[in-house]
Amino acid sequence: MKSTPDLAVEATGLIKHFGSTRAVDGIDLAVPAGTVYGVLGPNGAGKTTAVRILTTLQQPDGGTATVLGHDIQREPDTVRSLVSLTGQFASVDEDLTGTENLVLLGRLLGYSRSQARRRADDLLTAFGLADAADRQVKKYSGGMRRRIDIAASIVVTPEVLFLDEPTTGLDPRSRNQVWDIIRVLVSGGTTVLLTTQYLDEADQLADRIAVIDHGKVIAEGTSGELKASVGAGAVHVRLRDPVKRPDAERHLTKALGVPVLLEHDPVALSARVEDSDLVARAISGLIAAGIEVAEFSLGQPSLDEVFLALTGRPAEEATEDAPGEETAA
Amino acid sequence: MSTHQPTAAKNGVATAVDENLIATLTAGSRPPRPSGVTTALTFGWRAMLKIKHVPEQLFDVTLTPIIFTLMFTYLFGGALAGSVESYLQFLLPGILVQTVILTTVYTGFTLNTDISKGVFDRFRSLPIWRPSPLVGALLGDAVRYAVASTVVVVLGLVLGFRPDGGVIGVVGAVVILLVFASGIGWIFTTLGLILRTPNAVMGVGMMIIMPFTFASNIFVDPSTMPSWLQSFVDVNPITHLVTAERGLMAGTASAGDIGWVLLAAAALTAVFGPLTMYLYRRR
Ligand SMILES: Nc1ncnc2c1ncn2[C@@H]1O[C@H](COP(=O)(O)OP(=O)(O)O)[C@@H](O)[C@H]1O
Ligand SMILES: [Mg+2]
């Protein structure tokens, strides 16, 4: 099959309608392997439906998708052996204990009884749930529950991990714990596709972001690109030593690939940029060249502004009106 | 403006988690794919765990049979057969059938409840033999049917039921009944996947089951019934099942009676098993 091997997930024109609801209305995605990909959108945007299609739980009405080159409709079983899903709502059995849930999954994935038991113990310890191992999951706190959900998804380390709104409703501390877990998973080579309603979450975690609304991708790119697409941002740099300014100008022009403006302030330079990663590299370049930077700032629009510009309404407000929405499937 | 933190190691706790996690991650290699039998049995084990954690769900398979047996024995015993003792010899195999067949409705009820939870999505996204969650659920239910059967038989023995077929006859009757009940179970897994709520499954299930159990030879000899009813009773599968059960317990069952029950179970599975799987895939 024709496929790009370095793409973990590739979707073309995915469509899923429920009656007159166009839940997914022609979504294209290209998720590079080994990265975190954020699917950002308000409640009802079609995130869960898209994830369910990509993990073979739902048949699309149109379009195609592959996971590591395997077609989700023609090779669903192969796809299931590559992916793992942490659903938006309770994705483990709440009546069972933490250990029982993980042993159950270990057995279903092919471990022997003792291997499954050992794997469960290791995971519970790694996720800080050892003390709650023999407690029913329904008695876990929200943060603990999310951690057991994720642990259940990596009993066998998947190639691609789908996380559907992993931090919705969590307190900031639990949210940070989940973020840490995701970062570690990616450093271990797993590709993560996560959906979120939180702009800062996508900004913090995701290498690339697809903004979806009403079942359509309305913007795609790095968070820097998204911000730049709304109105190019600017980087402002202040040096310690005005003598170094011509050097700095030369370096920055080369690194950023755009004209650099010398400001009235004899230590200040600025440039319009598209990509915050590029800026980070340019600044480290300056420091490496022995040009001391007193301060720098990125005058970029926030993702909130991005969403507002793209949809004509703020994302956070759109998410408020359907709390606790539950899918019928 | 948000700042980019290059690593997770903002504090000591996170670092400790990281080290364990990285070690744990590398350990999660994929074992060989398990057989369908293993995964189905594993789901059966899950059903047992659920009974362990939610023992209330055994009430309906223990209390209901006790109430039914006592009620019908003492209510109808004197009137229908002259004495409680002699009616019990007739009634017990029938009440056993009614108890277990009513319990099969819970198979659909439980599946409908279970499948609406997120954990079923996880099961469905695993690379396993696809029917295993359903087959495992039926295996778990077979245990519930066995519990119900045991309650009825033991209570019957206490009340004075003395089967001529002996231990072998009674055990044989229970086994054949479990096979038939598992076949019926597929009807209710189908219903469980079609209907929206667990209560709808319960309502519709009972509506289907009730006429079949009452318009049968469970409680009275059909020769006392009006002829239009008799003709229904004669073709009612439950009647055939009860005849086989009585025969087995009395030690007089014919191969034809038993063969009919096994065939019916096979036919039910052949029709409603694939239908259930078809619906399950589409969910
Ligand atoms: N099984 C379903 N039946 C009918 N409508 C559905 C179903 N699942 C989702 N929808 C609808 O499709 C739209 C997208 O839902 P969903 O994918 O859950 O969005 P999100 O996860 O972004 O909140 C919503 O309008 C939702 O009500
Ligand atoms: Mg959702």
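This passage describes a magnesium site and two helix pairs in a predicted model.

We can begin with the metal. The magnesium ion (ligand 2) has two protein donors, OG1 of Thr48(A) and OE1 of Gln88(A), which lie 1.9 to 2.1 Å from it. These donors bring together distant parts of chain A, as they are 40 residues apart. Thr48(A) belongs to helix α1 (residues 47-54), while Gln88(A) sits in the loop between β6 (83-86) and α3 (98-108). With a relative accessible area of 16%, Thr48(A) is buried; Gln88(A), at 18%, is buried too.

Helix α3(A), which follows the loop of Gln88(A), packs against helix α4 (residues 113-126) of chain A at an angle of about 130°, and the two axes are 8 Å apart. This angle makes α3(A) oblique to α4(A), and their crossing is right-handed. On the α3(A) side, the contact is formed by Gly98(A), Thr99(A), Leu102(A), Val103(A), Gly106(A) and Arg107(A); α4(A) contributes Arg113(A), Ala116(A), Arg117(A), Ala120(A), Leu123(A) and Leu124(A). Sorted by class, these are six nonpolar, three polar and three charged residues.

Turning to chain B, helix α4 (residues 84-115) and helix α10 (residues 237-250) pack at about 130°, with their axes 9 Å apart. The arrangement of α4(B) relative to α10(B) is therefore oblique, and the crossing is right-handed. Here Phe90(B), Pro93(B), Gly94(B), Leu96(B), Val97(B) and Ile101(B) of α4(B) meet Ile238(B), Leu241(B), Val242(B), Glu245(B), Arg246(B) and Met249(B) of α10(B). The residues of this contact comprise nine nonpolar, one polar and two charged.

How values were computed:
Residues numbered from 1 in each chain as written. Chains lettered and ligands numbered in written order. Predicted model: local features only at pLDDT ≥ 70, side-chain atom pairs only at ≥ 80, totals over all residues. Heavy atoms only, no water. Donors = N, O, S within 2.8 Å, 3.2 Å for Na, K, Ca; no water. Helix = DSSP H or I, 4+ residues; strand = E, 2+ residues; numbered from the N terminus. Buried < 20%, exposed > 50% of the residue type's maximum accessible area, 1.4 Å probe, protein only. Axes fitted to C-alpha atoms, helices over the stretch in contact; angles between N-to-C directions. Parallel < 35°, antiparallel > 145°, perpendicular 65-115°, else oblique. Left-handed = near helix turned anticlockwise from the far one by under 90°. Contact = heavy atoms within 4.5 Å. Nonpolar A, V, L, I, M, F, W, Y, C, P; charged D, E, K, R; others polar.
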